[in-house]
Amino acid sequence: MPIDGIKIVQAVMEGSRIRDAKGIIPTFGVYLSLFFVDYYNQLSFQFEKAWGKDPKKEAATLLVEAAQECGYATFQGIRNSWEWEEVVQPMIEKKEDQIYGFTAMAEAFGWGDLKVMEILADEKLVIRVSDSYEATGYLKRYGLTDSGKCYMLQGVAAAFMDLLYGEEYPEGCFAFKTDEVSCRAKGDPFCEFVAQKRV
(Lines give C-alpha, C1' and ligand atoms only; values in the text may rest on other atoms or scores of the structure.)
Protein backbone atom coordinates (compact mmCIF):
# COMPACT_ATOMS: atom_id res chain seq x y z
CA MET A 1 0.00 0.00 0.00
CA PRO A 2 1.52 3.37 -0.97
CA ILE A 3 1.71 6.11 1.61
CA ASP A 4 -1.31 8.41 1.29
CA GLY A 5 0.24 11.81 2.01
CA ILE A 6 -3.09 13.62 1.75
CA LYS A 7 -4.55 11.41 4.47
CA ILE A 8 -1.57 12.20 6.73
CA VAL A 9 -1.82 15.95 6.07
CA GLN A 10 -5.55 15.85 6.85
CA ALA A 11 -4.88 14.00 10.12
CA VAL A 12 -2.31 16.63 11.17
CA MET A 13 -4.69 19.46 10.25
CA GLU A 14 -7.48 17.82 12.25
CA GLY A 15 -5.20 17.31 15.25
CA SER A 16 -3.95 20.91 15.08
CA ARG A 17 -7.41 22.20 16.00
CA ILE A 18 -6.75 21.26 19.63
CA ARG A 19 -4.64 23.92 21.32
CA ASP A 20 -4.01 24.90 24.91
CA ALA A 21 -4.28 28.44 26.26
CA LYS A 22 -0.70 29.21 25.13
CA GLY A 23 -1.35 28.00 21.58
CA ILE A 24 0.59 24.75 22.03
CA ILE A 25 -0.70 21.96 19.80
CA PRO A 26 -0.32 18.45 21.23
CA THR A 27 -0.54 16.04 18.30
CA PHE A 28 1.28 12.99 16.93
CA GLY A 29 3.20 12.60 20.18
CA VAL A 30 4.86 16.02 20.08
CA TYR A 31 4.04 19.61 20.98
CA LEU A 32 3.73 21.98 18.06
CA SER A 33 3.20 25.72 17.89
CA LEU A 34 2.44 28.19 15.16
CA PHE A 35 5.46 30.26 14.22
CA PHE A 36 5.87 33.05 11.71
CA VAL A 37 8.35 31.93 9.06
CA ASP A 38 9.49 35.50 8.44
CA TYR A 39 10.53 35.70 12.09
CA TYR A 40 12.37 32.35 11.95
CA ASN A 41 14.08 33.35 8.71
CA GLN A 42 15.10 36.71 10.15
CA LEU A 43 16.66 35.03 13.20
CA SER A 44 18.53 32.44 11.12
CA PHE A 45 19.89 34.77 8.49
CA GLN A 46 20.86 37.51 10.97
CA PHE A 47 22.58 34.85 13.09
CA GLU A 48 24.53 33.77 10.02
CA LYS A 49 25.49 37.33 9.11
CA ALA A 50 26.52 38.21 12.68
CA TRP A 51 28.77 35.17 13.14
CA GLY A 52 32.61 35.44 13.51
CA LYS A 53 35.47 34.93 11.04
CA ASP A 54 33.86 32.51 8.61
CA PRO A 55 30.21 33.39 9.12
CA LYS A 56 28.66 31.39 6.32
CA LYS A 57 30.35 28.09 7.11
CA GLU A 58 30.23 28.01 10.90
CA ALA A 59 26.80 29.57 11.36
CA ALA A 60 25.31 27.39 8.65
CA THR A 61 26.79 24.27 10.26
CA LEU A 62 25.26 25.19 13.62
CA LEU A 63 21.86 25.93 12.11
CA VAL A 64 21.84 22.62 10.21
CA GLU A 65 22.94 20.63 13.27
CA ALA A 66 20.22 22.27 15.39
CA ALA A 67 17.64 21.37 12.76
CA GLN A 68 18.96 17.81 12.54
CA GLU A 69 18.75 17.27 16.28
CA CYS A 70 15.29 18.85 16.39
CA GLY A 71 14.09 16.72 13.47
CA TYR A 72 15.57 13.59 15.01
CA ALA A 73 13.72 14.05 18.32
CA THR A 74 10.51 15.37 16.75
CA PHE A 75 10.05 12.59 14.22
CA GLN A 76 11.01 9.95 16.80
CA GLY A 77 8.15 11.27 18.91
CA ILE A 78 5.85 11.31 15.91
CA ARG A 79 6.53 7.74 14.85
CA ASN A 80 5.94 6.54 18.41
CA SER A 81 2.58 8.29 18.75
CA TRP A 82 -0.82 6.63 18.77
CA GLU A 83 -1.78 8.86 15.81
CA TRP A 84 1.12 7.47 13.74
CA GLU A 85 0.15 3.96 14.79
CA GLU A 86 -3.44 4.56 13.72
CA VAL A 87 -3.01 6.68 10.57
CA VAL A 88 0.43 5.98 9.08
CA GLN A 89 1.58 2.57 10.28
CA PRO A 90 -1.15 0.64 8.36
CA MET A 91 0.24 2.13 5.11
CA ILE A 92 3.84 1.12 5.80
CA GLU A 93 4.99 -1.99 3.97
CA LYS A 94 8.75 -1.52 4.15
CA LYS A 95 11.11 0.47 6.31
CA GLU A 96 11.69 3.20 3.73
CA ASP A 97 7.95 4.01 3.63
CA GLN A 98 8.50 5.86 6.89
CA ILE A 99 10.35 8.52 4.89
CA TYR A 100 7.21 9.19 2.84
CA GLY A 101 5.24 9.44 6.08
CA PHE A 102 7.79 11.91 7.47
CA THR A 103 7.71 14.08 4.34
CA ALA A 104 3.91 14.20 4.42
CA MET A 105 4.11 15.33 8.05
CA ALA A 106 6.66 18.01 7.10
CA GLU A 107 4.32 19.24 4.37
CA ALA A 108 1.53 19.49 6.92
CA PHE A 109 3.86 21.56 9.11
CA GLY A 110 4.27 24.02 6.22
CA TRP A 111 7.92 23.23 5.49
CA GLY A 112 7.36 22.88 1.73
CA ASP A 113 6.24 20.35 -0.85
CA LEU A 114 8.83 17.68 -0.07
CA LYS A 115 9.15 15.08 -2.84
CA VAL A 116 11.27 11.99 -2.32
CA MET A 117 13.33 11.55 -5.49
CA GLU A 118 15.51 8.61 -4.41
CA ILE A 119 16.07 6.34 -1.44
CA LEU A 120 18.96 3.90 -1.25
CA ALA A 121 18.65 1.90 1.96
CA ASP A 122 21.29 2.88 4.53
CA GLU A 123 23.08 5.01 1.90
CA LYS A 124 21.29 7.95 0.37
CA LEU A 125 18.12 10.03 0.39
CA VAL A 126 17.31 12.71 -2.20
CA ILE A 127 14.48 15.15 -1.47
CA ARG A 128 13.36 17.97 -3.77
CA VAL A 129 11.38 21.01 -2.61
CA SER A 130 10.01 23.69 -4.94
CA ASP A 131 8.68 26.05 -2.27
CA SER A 132 11.10 26.05 0.67
CA TYR A 133 10.16 28.86 3.04
CA GLU A 134 13.83 29.47 3.81
CA ALA A 135 14.81 29.99 0.16
CA THR A 136 11.77 32.21 -0.34
CA GLY A 137 12.60 34.19 2.78
CA TYR A 138 16.24 34.64 1.81
CA LEU A 139 15.38 35.80 -1.70
CA LYS A 140 12.80 38.24 -0.36
CA ARG A 141 15.19 39.76 2.16
CA TYR A 142 18.61 39.57 0.45
CA GLY A 143 18.26 38.43 -3.17
CA LEU A 144 20.40 35.76 -4.84
CA THR A 145 23.35 34.22 -3.00
CA ASP A 146 26.08 31.68 -3.70
CA SER A 147 25.19 28.99 -1.13
CA GLY A 148 22.16 26.97 -0.04
CA LYS A 149 20.01 28.62 2.64
CA CYS A 150 17.55 25.88 3.63
CA TYR A 151 19.10 24.92 6.95
CA MET A 152 16.00 23.34 8.46
CA LEU A 153 15.39 21.05 5.50
CA GLN A 154 19.08 20.09 5.32
CA GLY A 155 18.99 18.98 8.96
CA VAL A 156 15.65 17.26 8.70
CA ALA A 157 16.62 15.21 5.62
CA ALA A 158 19.63 13.83 7.51
CA ALA A 159 17.47 13.22 10.60
CA PHE A 160 15.08 11.07 8.55
CA MET A 161 17.98 8.80 7.59
CA ASP A 162 19.38 8.86 11.14
CA LEU A 163 16.06 7.53 12.42
CA LEU A 164 15.92 4.71 9.89
CA TYR A 165 19.56 3.65 9.68
CA GLY A 166 21.43 5.20 12.60
CA GLU A 167 21.98 3.47 15.90
CA GLU A 168 18.92 2.96 18.07
CA TYR A 169 17.39 6.19 19.37
CA PRO A 170 18.82 8.36 20.97
CA GLU A 171 22.32 7.28 19.84
CA GLY A 172 21.81 7.56 16.08
CA CYS A 173 21.69 11.31 15.50
CA PHE A 174 24.36 12.69 13.11
CA ALA A 175 25.03 9.34 11.40
CA PHE A 176 24.05 11.13 8.17
CA LYS A 177 24.71 14.57 6.74
CA THR A 178 23.00 16.53 3.99
CA ASP A 179 24.29 18.64 1.14
CA GLU A 180 21.90 21.13 -0.41
CA VAL A 181 22.99 20.64 -4.01
CA SER A 182 20.43 23.07 -5.47
CA CYS A 183 18.72 26.04 -3.84
CA ARG A 184 16.31 28.62 -5.22
CA ALA A 185 18.24 31.22 -3.21
CA LYS A 186 21.14 30.52 -5.64
CA GLY A 187 18.88 30.83 -8.67
CA ASP A 188 18.17 27.11 -9.08
CA PRO A 189 14.61 26.11 -10.07
CA PHE A 190 14.15 24.06 -6.86
CA CYS A 191 15.97 23.10 -3.68
CA GLU A 192 17.41 19.59 -3.55
CA PHE A 193 18.88 17.79 -0.57
CA VAL A 194 21.15 14.74 -0.67
CA ALA A 195 21.57 12.97 2.67
CA GLN A 196 24.39 10.44 2.90
CA LYS A 197 26.16 8.55 5.64
CA ARG A 198 29.01 10.44 7.27
CA VAL A 199 32.44 8.95 6.57
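How many disulfides does the count come to? Zero, going by the rule that a disulfide needs a pair of cysteine sulfur atoms within 2.5 Å. Keep in mind as you look around that this is a predicted model.

**The two cysteines**

C150 is in no disulfide, and the nearest cysteine sulfur, that of C191, sits 3.7 Å away. Seen from the other side, the closest cysteine sulfur to that of C191 belongs to C150, and 3.7 Å is too far for a bond. With the cut-off at 2.5 Å, the pair therefore doesn't make it as a disulfide. Both cysteines are tucked away from the surface: C150 is buried, with a relative accessible area of 0%, and C191 also counts as buried at 0%.

Here is how they line up with two other residues covered below.

| Residue | Relative accessibility | Class |
|---|---|---|
| C150 | 0% | buried |
| C191 | 0% | buried |
| Q154 | 10% | buried |
| K7 | 41% | partly exposed |

**Q154 and its neighbours**

Q154 is part of helix 7, which covers residues 151–165. Because its relative accessibility is 10%, Q154 counts as buried. Leaving aside residues up to four places away in sequence, Q154 touches V64, G148, T178, E180 and F193.

**K7 and a long-range partner**

K7 lies in helix 1, residues 5–15. Its relative accessibility is 41%, so K7 counts as partly exposed. Which residues does K7 touch, not counting those up to four places away in sequence? They are V87 and M91. The V87 contact spans a good stretch of chain: K7 and V87 are 80 residues apart in sequence, yet their C-alpha atoms are 7.9 Å apart in space.

**Where helix 2 meets helix 6**

Now for a helix pair. Helix 2 (residues 37–50) and helix 6 (residues 133–142) have axes that come within 10 Å and cross at roughly 70 degrees. An angle from 65 to 115 degrees counts as roughly perpendicular, so that is how helix 2 and helix 6 stand to each other. Their crossing is right-handed.

On the helix 2 side, the residues in contact are V37, D38, Y40, N41, Q42, F45, Q46, E48 and K49. Helix 6 answers with Y133, E134, G137, Y138, K140, R141 and Y142. Sorted by class, the contact has six nonpolar, four polar and six charged residues.

Note on methods
Residues are numbered from 1 along each chain as its sequence is written. This is a predicted model: local features need pLDDT of at least 70, side-chain atom pairs count only at pLDDT 80 or more; totals for chains, interfaces and linings use all residues. Side-chain values use heavy atoms; hydrogens and water are left out. Axes are lines fitted to C-alpha atoms, for helices over the stretch in contact, and angles run from 0 to 180 degrees between N-to-C directions. Helices (H or I, at least four residues) and strands (E, at least two) are DSSP runs, numbered from the N terminus. Angles under 35 degrees count as roughly parallel, over 145 as roughly antiparallel, 65 to 115 as roughly perpendicular and the rest as oblique. A crossing is left-handed if the near helix is turned anticlockwise from the far one by less than a right angle, and right-handed if clockwise. Contact means heavy atoms within 4.5 Å. Ala, Val, Leu, Ile, Met, Phe, Trp, Tyr, Cys and Pro count as nonpolar, Asp, Glu, Lys and Arg as charged, and the others, Gly among them, as polar. Buried means under 20% relative accessible area, exposed over 50%, partly exposed in between (1.4 Å probe, protein chains only).
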